[in-house]
Amino acid sequence: VCSSDQVKNPWELGTQEETEPNNSLQEALPVFAEEFTPFLPDEEQPPIVNILGSVSPTDVVDYVAFSTDSPRTITIYICGTTNLCGSSTYSGDAVYLDVLDANGSIIASTAASLGPRGHEITMSYTPGLVYFVRIVKDNLTVGEFDYRFVILVGTRS
């Protein structure tokens, strides 16, 4: 079980650079999804985690671990830029996202056919459980791929 006092603060509302190594479940960057503005609709909730990072043919995967303190819908997505994402998510073939349970089993992925939202996964998470997001370099012919990984409480419009 992960709690807010076990993670690197202040990650919840800030933008952070990824730190290596984060290439396995055991080395995953820990974050806690607890920030929420109760009077804002889901589509206006600010991102609670922004991680700037990169993957390359020699560093093909990054892991982020997260947990939440109450049942809530969380949207995770990736942008192919380190600038603010705006309303668009990355939809190319350089990377994809997997959501894993604590045993490392895939419970959601953007590796297969993408919907109109690109590399974005919205689902409900059980409080107190640890989940992992794996950012995977898919197209090894593309060199280094810089990304912005976002965790958002609620959904995006």
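Q: Why is Tyr125 called buried?
A: In this predicted model, Tyr125 has a relative accessible area of 2%. Buried means under 20%, so Tyr125 counts as buried.

Q: And what makes Tyr131 buried or exposed?
A: Same kind of check: Tyr131 comes out at 8% relative accessibility. The cut-off for buried is under 20%, so Tyr131 is buried.

Q: Why is the pair of Tyr125 and Tyr131 given the name it has?
A: Start with the ring centres, which are 4.8 Å apart. Rings pair if their centres lie within 6.5 Å, so Tyr125 and Tyr131 make a pair. Next, their planes stand at 75 degrees. Over 60 degrees counts as edge-to-face, so that's the label for this pair.

Q: How many aromatic pairs are there, and which residues form a cluster with Tyr125 and Tyr131?
A: The count comes to four aromatic pairs. Phe66 joins Tyr125 and Tyr131 in one aromatic cluster.

Q: What makes Phe66 stand out in the largest nonpolar core?
A: Phe66 is among the residues with the most contacts inside that core, along with Ile76, Phe149 and Ile151. The core has 28 residues. Elements giving two or more residues to it include S2, strand S3 (47-55), strand S4 (61-68) and strand S8 (120-125). S10 gives the most, with five residues. As for the wider picture, nonpolar side chains tend to be buried together in soluble globular proteins.

Q: What does Phe149 touch?
A: Leaving out residues up to four places away in sequence, Phe149 touches Val49, Asn50, Ile51, Val64, Ile76, Tyr77, Leu97, Val133 and Ile135.

Q: Why is strand S10 described as largely enclosed?
A: Strand S10 covers residues 145-153, and eight of its nine residues are buried. That's why S10 is said to be largely enclosed by the rest of the structure. It also has a partner: S5 (residues 72-79) pairs with S10 in the antiparallel sense over six bridges. In that pairing, Ile74 of S5 stands opposite Val153.

Q: How do you know that S6 and S7 pair?
A: Two strands pair if there are at least two bridges between them. S6 (residues 95-100) and S7 have three, in the antiparallel sense, so they qualify. Here Leu100 stands opposite Ile106 in S7.

Q: Why are S2 and S7 called edge strands?
A: Look at the open sheet of five strands, ordered S2-S4-S9-S6-S7 with mixed pairing. S2 (29-33) and S7 (106-109) each have a single partner strand, so one side of each is left without a neighbour in the sheet. Neighbouring strands in this sheet are turned by 25 degrees against each other on average, direction ignored.

Q: Why is Pro57 called partly exposed?
A: Pro57 has 42% relative accessibility. Partly exposed runs between the 20% limit for buried and the 50% limit for exposed, so Pro57 falls in that class. Pro57 lies in the loop between S3 and S4. Setting aside neighbours within four places in sequence, its contacts are Lys137, Leu140, Val142, Gly143 and Glu144.

Q: What makes Asn22 buried, and what counts as its polar contact?
A: Asn22 has a relative accessible area of 1%, and buried means under 20%, so Asn22 is buried. Its side chain lies 3.0 Å from the side chain of Glu18 in a polar contact, where the cut-off is within 3.5 Å. Asn22 is found in the loop between strand S1 (15-17) and S2.

Note on methods
Residues numbered from 1 in each chain as written. Predicted model: local features only at pLDDT ≥ 70, side-chain atom pairs only at ≥ 80, totals over all residues. Heavy atoms only, no water. Helix = DSSP H or I, 4+ residues; strand = E, 2+ residues; numbered from the N terminus. Axes fitted to C-alpha atoms, helices over the stretch in contact; angles between N-to-C directions. Buried < 20%, exposed > 50% of the residue type's maximum accessible area, 1.4 Å probe, protein only. Core = buried A, V, L, I, M, F, W, Y, C linked by side-chain atoms within 4.5 Å. Contact = heavy atoms within 4.5 Å. Phe/Tyr/Trp six-rings, centres within 6.5 Å; stacked < 30°, edge-to-face > 60°. Polar contact = N/O pair within 3.5 Å; in protein donor to acceptor, adjacent residues only side chain to side chain.
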